[in-house]
Amino acid sequence: MNDMTVPSPDQATRVPPPAPLGMLAELTHRCPLSCPYCSNPVELDKRSGELDTETWKRVFSEAASMGVLHLHLSGGEPTARKDIVELTAHAVKVGLYTNLITSGIGVQREKLEELADAGLDHVQLSIQDALPDNADKIAGLKGAHEKKRVFAGWVLELGLPLTINAVIHRGNIENIEALVSMALEFGARRVEIAHSQYYGWALENREMLMPTREQVMRAAATVDRLREELEGKLVIDAVVPDYYARRPKPCVGGWGKQSLNVTPQGKVLPCHAAETIEHLQFDYVTEKSLSEIWTNGSAFEAYRGTSWMKEPCTSCPRKEIDFGGCRCQALAITGDPRNADPACSLSPFHAKITSLAMKAAAKDGTDYIYRRFGAKPGQARVEITRNNAPV
Ligand code: SF4
Ligand code: SF4
């Protein structure tokens with residue numbers, strides 16, 4: 001159905017979903033770093049296909065009209081877009097709370113000042129580790145860690161609130177306390193300790209990234225202790241790892257319930273990994289309004305609510321709490337996105353995910369497959385010394 005067609009009786013009587021709270025705008029997939037757990041798809045969108053400035057501005061206006069509150073300006077590295085200040089200013093003008101999710105690399109102080117002047121509300125800076133050499137190795141760029149320290153200083157000087165984001169995996173899991181200390185030292189108000197989610201690039205690197213169950217347990221205890229010790233000084237948010245869980249997370253707060261993603265080319269996704277469900281058809285902001293896609297888009301409707309579920313979710317009292325977990329993980333591990341997330345111990349596939357985790361964790365080595373354009377699974381190894389400039 002396009003915007004102009006008359007709705008079917010079912011659609012006419014259906015209660016439209018509430019507006020999403022947040023929108024992740026992947027402005028570009030270009031990035032100076034090459035993190036092996038990057039949530040971008042393995043096939044990255046090229047610069048030539050990126051939405052132009054006016055289209056992004058229209059999308060931001062539409063998001064605000066729909067009731068979206070938070071706009072996450074992300075990528076890749078969002079500041080690789082020459083129009084980042086103009087886009088931010090427009091988002092602020094239409095009433096969106098703007099959060100810049102950045103690697104902090106390649107951003108000049110003047111640009112950050114312009115962003116602050118444009119009304120940017122918040123900065124979220126990723127760090128790869130507390131140990132500079134290891135951080136640079138994970139990021140795939142020598143000197144990256146030191147640049148992040150400088151960038152964090154500018155954020156503070158400009159009076160912008162700062163969150164530090166650290167993706168946790170086998171290569172840094174023993175350094176969580178040092179990562180949190182670093183966030184404090186950087187002047188952050190909040191730190192996100194987010195265990196790697198195994199889709200896209202992280203799935204390619206699962207054997208290099210997966211920690212052991214013991215490491216995960218120790219990490220959880222460390223986070224609990226630090227939360228108590230730092231109460232009132234630093235908020236510590238933690239995203240627990242699925243592979244050793246007993247119950248899944250409500251992925252993206254429920255499919256088509258709270259948030260949406262727009263890719264650099266304007267494809268609208270219910271979650272960043274949704275493209276791995278190949279039978280879904282995604283709509284583009286260049287063809288339909290954001291509101292129409294959110295309300296009636298077939299990819300959003302596919303797993304919205306609970307009517308699509310199979311047992312054991314159908315009769316489970318938690319089905320309105322976790323919405324059966326993650327569809328992409330259900331597909332990746334069980335072959336059917338309608339199955340319960342295998343992270344759930346009630347799933348008949350739970351033993352499989354545990355066994356995959358244990359096998360992956362038993363490997364050693366950190367010979368990462370780095371995220372980069374044109375990479376094919378298993379053929380993407382690059383040297384840390386190269387200059388991984390945006391293309
Ligand atoms: S995870 Fe790393 S490579 Fe991916 S967008 Fe963020 S900084 Fe760039
Ligand atoms: S059976 Fe389904 S709804 Fe129940 S806890 Fe497991 S994943 Fe969640």
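Here follows a conversation between a visitor and a guide about a predicted model.

Visitor: What counts in this model, and how is it numbered?
Guide: It is a predicted model, where local features need pLDDT of at least 70, side-chain atom pairs count only at pLDDT 80 or more, and totals for chains, interfaces and linings use all residues. Residues are numbered from 1 along each chain as its sequence is written, while chains are lettered from A and ligands numbered from 1 in the order in which they are written.

Visitor: Why is Phe60 called buried?
Guide: A residue is buried if 20 or more other C-beta atoms lie within 10 Å of its own, exposed if 12 or fewer, and partly exposed in between, with C-beta atoms placed from the backbone. Phe60 has 27 such neighbours inside 10 Å, so it counts as buried.

Visitor: Where is Phe60, and which residues is Phe60 in contact with?
Guide: Phe60 belongs to helix H2 (residues 53-66). Helices (H or I, at least four residues) and strands (E, at least two) are DSSP runs, numbered from the N terminus. Contact means that two C-beta atoms, placed from the backbone, lie within 7 Å. Setting aside neighbours within four places in sequence, Phe60 touches Leu71, His90, Ala91, Val94 and Leu96 by that rule.

Visitor: How do you know that helix H10 has the span expected of its residues?
Guide: The expected span is 1.5 Å times one less than the number of residues. For the 17 residues of H10 (residues 213-229) that gives 24 Å, and the end C-alpha atoms are 24 Å apart, so the two agree.

Visitor: Which residues of H10 are buried, and what puts them on the same side?
Guide: The buried residues of H10 are Val216, Ala219 and Leu226. They cover an arc of only 90° around the axis, so they lie on the same side of H10. The arc is that of the directions from the helix axis to the C-beta atoms. An α-helix has 3.6 residues a turn, so residues three or four places apart point the same way.

Visitor: What does H10 pack against, and what does its other face carry?
Guide: The buried residues of H10 pack against strand E5 (162-168), helix H7 (176-186) and strand E7 (235-239). The face turned away from the buried side carries exposed residues, including Glu214, Met217, Asp224 and Arg225.

Visitor: What is the strand order of the open sheet, and why do E7 and E9 count as edges?
Guide: The nine strands have the order E7-E6-E5-E4-E3-E2-E1-E8-E9, with mixed pairing. E7 and strand E9 (268-269) each have a single partner strand, so one side of each lacks a neighbour in the sheet.

Visitor: How do you know that E2 and E3 pair?
Guide: Two strands pair if DSSP finds at least two bridges between them. Strand E2 (residues 70-74) and strand E3 (residues 97-102) have four bridges, in the parallel sense. His70 stands opposite Tyr97 in E3.

Visitor: Which strands pair with E8, and in what sense?
Guide: Strand E1 (residues 22-26) is joined to E8 by four bridges, and the two run parallel. E8 and E9 pair in the antiparallel sense over two bridges. Val262 of E8 is the bridge partner of Ala25, and Val262 has Val268 as its bridge partner in E9.

Visitor: What makes both faces of E8 covered?
Guide: Ser259 and Asn261 on one side are buried, and so are Leu260 and Val262 on the other. In a regular strand the side chains alternate between the two faces of the sheet.

Visitor: What is notable about Val252, and is it buried or exposed?
Guide: Val252 has a positive phi of about 45° although it is not a glycine. Val252 sits in the loop between E7 and strand E8 (259-262). With 24 C-beta neighbours inside 10 Å, Val252 counts as buried.

Visitor: Where are the cis peptide bonds?
Guide: One runs from Gly75 to Gly76, with omega near 10°. Another joins Glu311 and Pro312, where omega is about 10°.

Visitor: Which residues surround ligand 1, and how do they divide?
Guide: A residue is near a molecule or strand if its C-beta atom, placed from the backbone, lies within 6 Å of it. Residues around ligand 1 include Cys31, Cys35, Cys38, Gly75, Gly76 and Arg371. The shell divides into four nonpolar, six polar and two charged. Ala, Val, Leu, Ile, Met, Phe, Trp, Tyr, Cys and Pro count as nonpolar, Asp, Glu, Lys and Arg as charged, and the others, Gly among them, as polar.
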